[in-house]
Amino acid sequence: MSLVGQTLKGRRERLGMTLTELENRTEIKRQALTLIENNDFESLKNADYVEGFIRKYAKAVNIDAEQLIHAHRDEIPNHDNNLKETIDAFSSDHQPTYRSKNKEPLQLAVVISLVIIITAILWILAVLFL
């Protein structure tokens, strides 16, 4: 079975459609269309839009989008496993290890304390020498 990008590119070429015509029809930038045709989905600026791009492209060249999206999901290694692990990690009671406490209140307290101490020292010096 050919890759999703190859399938779409082959269909576009059989229809005699240029990338410029496809760009106008789908409103997807030419660079993104080229990346899709090369099956280089990781290089797209926002990989979350890949399935939407495939749907638009497939509709423009009259191919069943659902089959292509299913094939695309099969091409991605461990797509379902990573999604399941992520969902499980966030639905459990354990907090992710990358989370840290918000230190902004502590930093604000330190800055305010320093301002008060410096102001008090300056006031004492002004009273003693004036």
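**Group meeting talk: a walk through a predicted helical model**

Let's start with one residue, Gly5: setting aside residues up to four places away in sequence, Gly5 touches Ile36, Glu37 and Asn39. Keep in mind as we go that this is a predicted model.

So where does Gly5 sit? It lies in helix H1. Gly5 is also buried, with a relative accessible area of 0%. Here is a nice pair to look up on your screens: Gly5 and Asp40 are separated by 35 residues in sequence, yet their C-alpha atoms are 8.3 Å apart in space.

Let's stay with H1 for a moment. Which residues of H1 are buried? They are Val4, Gly5, Leu8, Gly10 and Arg12. The cover over these buried residues includes H2, H3, H4 and H5. Just past the end of H1 you will find Gly16, with a positive phi of about 75°.

Now, how do H1 and H5 meet? Their axes are 9 Å apart, and the two helices pack at an angle of about 145°. On the H1 side we have Val4, Thr7 and Leu8, and they meet Leu68, Ala71, His72 and Glu75 in H5. By type, the residues of this contact divide into four nonpolar, two polar and one charged.

Next up is helix H4, residues 50-60. Its buried residues are Val50, Ile54, Tyr57, Ala58 and Ala60. These residues sit on the same side of H4, because they cover an arc of only 160° around the axis. And what do they pack against? The partners are helix H1 (4-14), H2, H3 and helix H5 (65-75). Right after H4 comes Asn62, which has a positive phi of about 60°.

That brings me to two more residues with positive phi. The first one I'd like to show you is Glu27, which is not a glycine but has a positive phi of about 60°. Look for Glu27 in the loop between helix H2 (19-26) and helix H3 (30-37). Is Glu27 buried or exposed? Glu27 is exposed, with a relative accessible area of 69%.

Then there is Asn39, also a residue other than glycine, with a positive phi near 60°. Asn39 is in the loop between H3 and H4. Asn39 is buried, with a relative accessible area of 17%. You have met Asn39 already, as one of the residues that Gly5 touches.

Let's turn to what the UniProt record says. The unreviewed entry places a feature called "domain: HTH cro/C1-type" at residues 8-39. In the model, that span is 72% helix and 0% strand, and its end C-alpha atoms lie 10 Å apart. The unreviewed entry also carries the annotation "transmembrane region", covering residues 108-129. That second span is 100% helix and 0% strand, with 32 Å between its end C-alpha atoms.

Finally, a word on confidence. The mean pLDDT of the protein chain is 82, and 78% of its residues reach 70 or more. Which elements mark the two ends of the range? Helix H7 (residues 104-129) has the highest mean pLDDT among the elements, at 94, and helix H6 (residues 79-91) has the lowest, at 63.

If you would like one place to begin exploring on your own, try Gly5, buried in H1, and follow its contacts to Ile36, Glu37 and Asn39. Thanks for listening, everyone!

Note on methods:
Residues are numbered from 1 along each chain as its sequence is written. This is a predicted model: local features need pLDDT of at least 70, side-chain atom pairs count only at pLDDT 80 or more; totals for chains, interfaces and linings use all residues. Side-chain values use heavy atoms; hydrogens and water are left out. UniProt positions are given in the numbering used here, feature names are shortened, and annotations may be inferred rather than shown by experiment. Helices (H or I, at least four residues) and strands (E, at least two) are DSSP runs, numbered from the N terminus. pLDDT is the predictor's confidence in each residue, from 0 to 100. Buried means under 20% relative accessible area, exposed over 50%, partly exposed in between (1.4 Å probe, protein chains only). The arc is that of the directions from the helix axis to the C-beta atoms. Contact means heavy atoms within 4.5 Å. Axes are lines fitted to C-alpha atoms, for helices over the stretch in contact, and angles run from 0 to 180 degrees between N-to-C directions. Ala, Val, Leu, Ile, Met, Phe, Trp, Tyr, Cys and Pro count as nonpolar, Asp, Glu, Lys and Arg as charged, and the others, Gly among them, as polar.
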